[in-house]
Amino acid sequence: MVENQEKNIANKIIVVTGGSRGIGASIVKYLARKGHTVILDYNKSESCAKNVENELKKEELTVDIFKADVSKKVEAETLIQYALDKYGKVDVLINNAGISQTKLFTDITDEDWYNMINNNLNSAFYCTREAVKNMIRNKQGLIINISSIWGLTGGSMEVHYSTAKAGLIGFTKALAKELGPSNIRVNAIAPGIIDTDMNKEYTTEEIENLEKEIPLERIGKTESIAKCVNWLIDDDYTTGEIISINGGWYM
Ligand code: NAP
């Protein structure tokens, strides 16, 4: 297999938060197949994390699974410390973990709000702050934040989600400026609608209607996000960018 042949060519130590399912799982598999050492973080879905591991095992590839609820400071820091203790560095951190919720603004409770910010935004802050200390010492590193099209345009009935994802965009740009002189790049990917559990509440008819609004006439696949992540890893001059992969839905 071509991917297997690439093993050991450019092995990087990569932490993927929320790697058990959906976009995160796809990123983990794509990068493991490129020969990188990947630490897969999960929170609730241990069996899904094991499925990713088993799929890779069949291809004689490995993944390092670690359980951490990255919405919690101590667990997020433990995840990064685990990677640092075991591998001595973190080359790439992919802040992918996230949750979504659809609710009228006036129905959003304090708990909903803080839960959303903790899972989608504070998680990235906790993991990044811990990883960056090591990256600064090494004078190299890459942070990729998985934001959302709603962070760019705002999503009706997703004010808390849109706020967290817009926060990630500000976080990305400010940090890219601050860490550029340390040769650390910081970028975000803002996907449109991607076929994962996150959108499972949509009916087939709703998906078809959405697809009519998208110039490429289809919702996205997780692999498209993984390919972009891989491109950012191979690249060396892109920083502070928000790359929206959305089939032309928003341009
Ligand atoms: P998904 O299928 O629901 O998967 C979410 C992943 O995040 C799971 O692996 C889950 O792990 C993990 N996760 C959630 N909270 C966590 C926490 N506190 N600690 C550790 N892991 C946590 O969602 P997805 O569609 O792949 O979404 C991935 C990212 O892309 C999210 O940030 C999402 O906002 C963003 N995004 C998705 C879309 C889309 O259309 N799908 C569009 C734009 C942006 P466990 O199950 O193990 O808890």
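This briefing describes the ligand site of a predicted model and a set of individual residues elsewhere in the chain. The ligand occupies the largest pocket, and 32 residues surround the ligand. Two residues with positive phi, K139 and N183, are then placed in their loops, followed by residue pairs whose separation along the chain is set against their separation in space.

**Ligand site: position and surroundings**

- The pocket that holds the ligand is the largest one.
- Around the ligand there are 32 residues, of which I23, S45, N96, Y161 and T196 come nearest.
- Three elements each contribute two or more residues to the shell around the ligand: helix α2 (22-33), strand β2 (37-42) and helix α7 (159-179).
- By character, the shell residues comprise 12 nonpolar, 14 polar and six charged.

**Ligand site: polar contacts and burial**

- A side-chain N or O atom of Y161 is 2.6 Å from an oxygen atom of the ligand.
- For I23, a backbone N or O atom lies 2.7 Å from a ligand oxygen atom.
- For N43, the backbone is again the partner, with an N or O atom 3.0 Å from an oxygen atom of the ligand.
- The ligand taken alone exposes 890 Å², and the protein buries 96% of that area.

**Positive phi outside glycine**

- K139, a residue other than glycine, has a positive phi near 55 degrees.
- K139 is located in the loop that runs between α5 (110-138) and β5 (141-146).
- K139 counts as partly exposed because its relative accessibility is 48%, a value between the limits of 20% and 50%.
- N183 is likewise not a glycine, and its phi is positive, near 60 degrees.
- The loop between α7 and β6 (184-189) contains N183.
- With a relative accessible area of 46%, N183 is also partly exposed.

**Buried loop residues and their partners in space**

- G19 is found in the loop between β1 (13-16) and α2.
- The relative accessibility of G19 is 0%, so this residue counts as buried.
- G19 and D41 are 22 residues apart in sequence, and their C-alpha atoms are 5.5 Å apart.
- I194 belongs to the loop between β6 and α8 (204-213).
- I194 counts as buried because its relative accessibility is 4%, where the limit for burial is under 20%.
- Between I194 and I245 there is a sequence separation of 51 residues and a C-alpha to C-alpha distance of 9.3 Å.

**K89 and Y114**

- K89 is placed in the loop between α4 (73-87) and β4 (92-95).
- At 30% relative accessibility, K89 is partly exposed.
- Y114 is part of helix α5.
- Y114 counts as exposed because its relative accessibility is 53%, and the threshold for that class is over 50%.
- K89 and Y114 are 25 residues apart in sequence, with 31 Å between their C-alpha atoms.
- Y114 and Y42 are 72 residues apart along the chain, and 20 Å separates their C-alpha atoms.

Key. Residues numbered from 1 in each chain as written. Predicted model: local features only at pLDDT ≥ 70, side-chain atom pairs only at ≥ 80, totals over all residues. Heavy atoms only, no water. Near = heavy atom within 4 Å. Polar contact = N/O pair within 3.5 Å; in protein donor to acceptor, adjacent residues only side chain to side chain. Areas by Shrake-Rupley, 256 points an atom, 1.4 Å probe, with all protein chains shown as cover. 1 Å grid on protein atoms, 1.4 Å probe; cavity = no way out; pocket = protein on both sides within 12 Å on 5 of 7 lines; lining within 4 Å. Sits in = over half its atoms within 2 Å of the grid points. Helix = DSSP H or I, 4+ residues; strand = E, 2+ residues; numbered from the N terminus. Nonpolar A, V, L, I, M, F, W, Y, C, P; charged D, E, K, R; others polar. Buried < 20%, exposed > 50% of the residue type's maximum accessible area, 1.4 Å probe, protein only.
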